[in-house]
Amino acid sequence: MSGIIGYIGNKRVVPVLLEGLQRLQYRGYDSAGLAAIKDGKLAIRRSSGKLRNLEEVIRLDPLDGTYGIGHTRWATHGAPTEENAHPHRDCHGTVVVVHNGIIENYMELKEELAAEGHTFLTETDTEVIAHLIEKYLNGQPPNTQPLTLDEAVRIAVQRLTGVFALAIISTKDLNKIVAVRQGPPAVIGLGKDEYLVASDVPAILYHTRDLFFLADGDIAVLTPNGVKLMDFAGQPVTRRVQHISWDPILAEKGGFRHFTLKEIYEQPRAVRDTALGRVSPETGQIFLDEMEITEDEFRSFREIKIVAAGTSRHAGLAGKMMIERLARVPVEVDYASEFRYRDPLVDPRTLTVLITQSGETADTIAGQREAQAKGSKTLAICNVLGSMVPREANGCIYTHAGPEIGVGSTKTFSSQMTALYLFSVYLGQVRGLLPPAESKQLLTALAALPRQLESVLQKDEEFEELARHFDRSSDFLYLGRGVHFPIALEGAHKMKKLSYIHAEGYPAGEMKHGPNALITDGLPVVAIATCDWDSADSKSRYERTSSNIEEAKARGAVIVALVTEGDREVHAMADHLIVLPRSNEWLSAILEVVPLQLLAYHIAVLRGCDVDQPRNLAKSVTVE
């Protein structure tokens, strides 16, 4: 995940770009750079490390201009060095590009361009874009005449496979920024005689109230006279301009009614960004962030303790099942608030994993320090760069979900689940327990997950209508088996948290041991009955869950069932059905949580609840 910013107007460009990069730092942290044009001359400044390093470079070697582009990088291809920092140039230094995303066919394009005489200086996929644009800008086949920058970009992007948001400038076509979106977000700001492009609203908020979001397949051409929009075929398009209040919190909602809904819809991107750059498409190898923990140590750990609170703990429970199945290491999951008070049996052969969105949760920090005092290495799964838990850990897997305002913690959960899935596969690989074919199958399924999440979100109107059946309910039961039990817990958690309805999650097999007594006529029972039809274990769990559903139905429950495409048995019993795409058992759990989040959200809205800031709760619990 990276952040881009571009500005053209009457202000000095460098302060505008640096301010924008400061507001995008959450999107990238290992290098930064900017390019500016003045009097037809291009100047570039780049630096590895934090943004303050770039600011020092510019202080020592100033530059100026009235338009330019900037970038803050999280490395996907190539080490986080100054050489690999954006912006990237073509052979002659006349085209510069900043890029958020990943170009999947860059090696094929690089070989083609190298054969045509192009010289590459970096290890990045982004540099290919600059050379490809140069090719068409100079009139190489299939176009023999030189093109404008926007036409060269339009032809070039049609050859790119992957996801990308781009901003491009060139000394061969002055007073113009070309912006492109295919996947990652890009927003256009419309000021008074000034125009901006950025990865997120906060970067442009303090320059203009009027903005619009590019859609996938959009190309925007920013000049001092305005903004022109077209699609990849060159046809003009229009986008609705939003007039935003100066309240930064309101502006950042991006047109959604609540932050919670916006963040639910951001989950495909959050999952994609959490996985981005961590999987080699050639070998299926997993690469984690920089670690003090060696592969030998990962192989030698006797056990794993997962310490977390709330939603993060539910992700940890699912992670336990993934790790034990894929890496065959015993795992315990603790409430962070209880861990240090029970004098846990932890030693140097224990790996302690702390899961936290903010990295500042007091109980989790206390648990981390307790584990460290007993000699345990600690690994953080966290969203906030530089927060306390990752700072004190021996390693961190950052989730790259972006800022989360809603207290409900929605994209937090799916991105943590993605990080745990990657960690489970990684651990299975380094311990020699995952054959290459199985690794490839697991990672191929992960690559498909963002698109599958988008298909679930497209059914939101169905979930909103379903909510109308239950907004006056006083209780809910959620049932699941195996990895789906933590999803039942999380679904109930969201219902309680957002709508203030009492809800409980149970292992489906425990119903006979007490919870059946709670079932009365009309009680909503949400049953998670998805199935990986290719897995005998999954089919066995599905059959037993079907039996539990039948028991609840016989006692008067209203059944809301989550099933997989191709289901027949549960389909016949359910009063309401939510059909999800096929995936493996672990990733189905991430698909399942989205409709449960939306059901809780819509019920909360119907009940008039404060969805983004539920009563008595805070986003980050920084005191015990």
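Analyst: The expected span of a helix is 1.5 Å times one less than its number of residues. Helices here are DSSP runs of H or I with at least four residues, strands are E runs of at least two, and both are numbered from the N terminus. This is a predicted model, where local features need pLDDT of at least 70, side-chain atom pairs count only at pLDDT 80 or more, and totals for chains, interfaces and linings use all residues. Residues are numbered from 1 along each chain as its sequence is written, and side-chain values use heavy atoms, leaving out hydrogens and water.

User: Okay, how far apart are the end C-alpha atoms of helix α10?

Analyst: Helix α10 covers residues 310–327, which makes 18 residues. At 1.5 Å a residue they should span 26 Å, and the model agrees, with the end C-alpha atoms 25 Å apart.

User: Why is α10 said to be largely enclosed by the rest of the structure?

Analyst: Buried means under 20% relative accessible area, exposed means over 50%, and partly exposed is in between (1.4 Å probe, protein chains only). α10 counts as largely enclosed because, of its 18 residues, the number buried is 13.

User: Which residue with a positive phi follows α10?

Analyst: Look just past the end of the helix for a phi near 55°. The residue there is R328.

User: Which helix gives the most to the largest nonpolar core?

Analyst: A nonpolar core is a set of buried Ala, Val, Leu, Ile, Met, Phe, Trp, Tyr and Cys residues joined through side-chain atoms within 4.5 Å. The largest one has 86 residues, and I304 and F423 touch the most other members. With 14 residues, the top contributor is the helix at 585–606, α20.

User: How many residues of α20 are buried?

Analyst: α20 has 22 residues and reaches 33 Å from first C-alpha to last, close to the expected 32 Å. It's mostly covered, and the buried ones number 20.

User: At the start of α20, which residue's side-chain oxygen reaches the backbone nitrogen of W586?

Analyst: A polar contact is a pair of N or O atoms within 3.5 Å; within protein, one must be able to donate a hydrogen and the other to accept it, and residues adjacent in sequence count only if both atoms are side-chain atoms. Here the oxygen comes to within 3.1 Å of that nitrogen, and it belongs to N584.

User: What are the edge strands of the five-stranded open sheet?

Analyst: Two strands pair if DSSP finds at least two bridges between them. This sheet runs β21-β20-β22-β23-β24 with parallel pairing. Two strands pair on one side only: β21 (502–507) and β24 (576–580).

User: At what angle does α20 run to β24?

Analyst: Axes are lines fitted to C-alpha atoms, for helices over the stretch in contact, and angles run from 0 to 180 degrees between N-to-C directions. α20 lies across β20, β22, β23 and β24. Its angle to β24 is about 140°.

User: Is S499 buried or exposed?

Analyst: S499 sits in helix α17 (residues 484–499). Contact means heavy atoms within 4.5 Å, and, leaving aside neighbours within four places in sequence, S499 is in contact with residues including A600, I603 and A604. Its relative accessibility is 0%, so S499 counts as buried.

User: There's a six-stranded open sheet too, so how many bridges join β6 and β7?

Analyst: That sheet has the order β5-β6-β7-β8-β12-β13, with antiparallel pairing. In it, I103 stands opposite G162 in β7. Between β6 (95–103) and β7 (162–170), the bridge count is nine.
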